[in-house]
Amino acid sequence: MQKHIKKTWWSLMTVVLLVFISQEEVKAQRFAVSTNALEWLTLSPNASFDVAFTQHHAFSMSVSTQPWRLSQNFFMSHITISPEYRYWFRMPFYRSFVGANLTYSGYDLSLFGFERKGELFAAGVTYGYSFLMGKRWNLVPFLGAGVGMELADKVSFIPVIARLGLNIQLVVK
């Protein structure tokens, strides 16, 4: 059962990515690279790549990992991949946006005796706002919520905060 769910999830993520990439109106001069400052607080290197493909529509792909074990009793190893469609109300990378995202995370947690290892598949919605900090630099806080399916000891559906962050973004034309 779990292999079927994984295969279906990866197929869905691939289709979503191909649909956004294959749009005829893609303009290569509008993209951004960013990193989530809140994830760095947990020692999780991360990057996000955004491509605007029309005046209001953009696609974002975020990747995050935390491969280190800080101690035997406390560690949060994970890898997370999250594609997201964003609708910008004014223009890409400027002011408010709403988004719809999918998230996959493989994790291994140990917090003072509580241990959990598994995978999370989630879908949710996001709201964010881009503050201009300079000609090409933005500060983008965002918050998202959704529902996830956890594959650990058993399959369970749980409410999750799908996206939380404070991106420092470089807009490249």
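**Two nonpolar cores and a pocket**

Good morning. The largest nonpolar core of this structure consists of nine residues, namely Ala32, Ala52, Ala58, Trp88, Phe93, Phe97, Val140, Phe142 and Val171. Apart from that core there is a second one, of five residues, and among them are Tyr107, Leu120, Ala122 and Ala152. I should state at the outset that we are looking at a predicted model.

Allow me to take one residue from each core, beginning with valine 171. Setting aside neighbours within four places in sequence, valine 171 is in contact with Phe31, Ala32, Phe93, Arg136 and Asn138. Of these partners, Ala32 and Phe93 also belong to the largest nonpolar core.

Valine 171 leads us to a pocket. The second largest pocket has a volume of about 190 Å³. It is lined by 13 residues, and those closest to its centre are Arg30, Leu132, Lys135, Val171 and Lys173. What is the character of this lining, in terms of nonpolar, polar and charged residues? Seven of the lining residues are nonpolar, two are polar and four are charged.

I turn now to leucine 120, from the second core. Leucine 120 lies in strand 6, which spans residues 114-132. Why does leucine 120 count as buried? Its relative accessibility is 16%, and buried means under 20%, so leucine 120 qualifies.

Which residues does leucine 120 touch, not counting those up to four places away in sequence? They are Thr103, Tyr104, Ser105, Tyr107, Gly148, Met149, Glu150, Ile158 and Val160. For the last of these, valine 160, the C-alpha atom is separated from that of leucine 120 by 9.8 Å, with the two residues 40 apart along the chain. Thank you.

Terms used
Residues numbered from 1 in each chain as written. Predicted model: local features only at pLDDT ≥ 70, side-chain atom pairs only at ≥ 80, totals over all residues. Heavy atoms only, no water. 1 Å grid on protein atoms, 1.4 Å probe; cavity = no way out; pocket = protein on both sides within 12 Å on 5 of 7 lines; lining within 4 Å. Points joined across faces, edges and corners; volume = space filled by probe spheres on them. Nonpolar A, V, L, I, M, F, W, Y, C, P; charged D, E, K, R; others polar. Core = buried A, V, L, I, M, F, W, Y, C linked by side-chain atoms within 4.5 Å. Buried < 20%, exposed > 50% of the residue type's maximum accessible area, 1.4 Å probe, protein only. Contact = heavy atoms within 4.5 Å. Helix = DSSP H or I, 4+ residues; strand = E, 2+ residues; numbered from the N terminus.
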